Amino acid sequence: MIKASQIKEHMEVKGSDGKHVGTVLAVEHGRLRLASGGMDHDIDIEMIDAINGDTVRLRKTAQEAVRTWH
């Protein structure tokens with residue numbers, strides 16, 4: 001399980017396919033707030049698969065993650 005304290009502002013968020021999804025702005029109320037495409041979006045922290053260095057990797061591909069915003 002990922003701990004919210006492991007996630008830091010400005011970390012890169014990538015999908016399970018390694019493609020860029022966004023950049024971390026904050027963790028609020030169990031949700032990851034990130035900037036992507038000039039807008040802010042929220043992702044449930046449960047969608048995070050791993051943290052590697054300065055990168056947050058999601059359980060879904062970048063396309064699957066972004067699809068939930070539209």
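## Strand pairing and salt bridges in a predicted model

Strands S2 (residues 20-28) and S3 run antiparallel and are joined by 5 bridges; strands here are DSSP runs of E with at least two residues, helices are runs of H or I with at least four, and both are numbered from the N terminus. Two strands are taken as paired if DSSP finds at least two bridges between them. The structure is a predicted model, in which local features need pLDDT of at least 70 and side-chain atom pairs count only at pLDDT 80 or more, while totals for chains, interfaces and linings use all residues. Residues are numbered from 1 along each chain as its sequence is written, and side-chain values use heavy atoms, with hydrogens and water left out.

It helps to begin with the whole chain. Its secondary structure comes to 1 helix and 6 strands, and the pattern along the sequence reads β-β-β-β-β-β-α. The C-alpha trace spans about 30 × 20 × 20 Å along its principal axes. The radius of gyration of the chain is 10 Å, which agrees with the value near 11 Å for a compact globule of 70 residues; this radius is taken over C-alpha atoms, and the globule rule is 2.2 Å times the number of residues to the power 0.38. Of the 70 residues, 31% count as buried, where buried means under 20% relative accessible area, exposed over 50%, and partly exposed in between (1.4 Å probe, protein chains only). The accessible surface comes to about 4400 Å², and 47% of this belongs to carbon and sulfur atoms; the areas come from the Shrake-Rupley method with a 1.4 Å probe, and for residues only the protein chains shown count as cover. Among contacts in the chain with a separation of 6 or more, 42% are made by residues 24 or more positions apart, a contact being heavy atoms within 4.5 Å.

The 6 strands form an open sheet of mixed pairing, in the order S4-S3-S2-S1-S6-S5. S4 and strand S5 (48-52) stand at the edges with a single partner strand each, so one side of each has no neighbour in the sheet. On average, neighbouring strands of this sheet are turned by 35° against each other, direction ignored; axes are lines fitted to C-alpha atoms (for helices over the stretch in contact), and angles run from 0 to 180 degrees between N-to-C directions.

Two buried residues give a view of S3 and S4. Ser36 belongs to strand S3 (residues 31-36) and is buried, because its relative accessible area is 17%. His41, in strand S4 (residues 39-44), is likewise buried at 11% relative accessibility. Leaving aside neighbours within four places in sequence, Ser36 is in contact with Val21, Gly22, His41 and Trp69. On the same basis of residues more than four places away, His41 touches Leu32, Arg33, Leu34, Ser36 and Trp69.

The search for salt bridges (a side-chain nitrogen of Lys or Arg within 4 Å of a carboxyl oxygen of Asp or Glu) finds 5 in the whole structure. Glu28, whose bridge partner in S3 is Arg31, forms a salt bridge with Arg33, with the closest N and O atoms 3.3 Å apart. Glu28 is partly exposed at 36% relative accessibility, and Arg33 is partly exposed at 25%. Arg31 has a salt bridge of its own, to Asp44, with 3.8 Å between the closest N and O atoms. Asp44 lies in strand S4 and Arg31 in strand S3, so this pair ties together parts that are 13 residues apart in sequence. Both are partly exposed, Asp44 at 33% and Arg31 at 32%.

A further salt bridge joins the side chains of Asp49 and Arg59 (3.4 Å, N to O). Asp49 lies in strand S5 and Arg59 in the loop between strand S6 (55-58) and helix H1 (62-67), so parts 10 residues apart in sequence are tied together. Asp49 is partly exposed at 32%, whereas Arg59 is exposed at 53%. Glu28, Arg33 and Asp42 are joined into one network by salt bridges that share partners.

Backbone angles deserve a brief look too. Most residues other than glycine have a negative phi. His29, however, has a positive phi of about 55°; this residue sits in the loop between S2 and S3 and is exposed, with a relative accessible area of 83%. His10 also has a positive phi, near 80°. The place of His10 is in the segment before strand S1 (12-14), where it counts as exposed at 62% relative accessibility.
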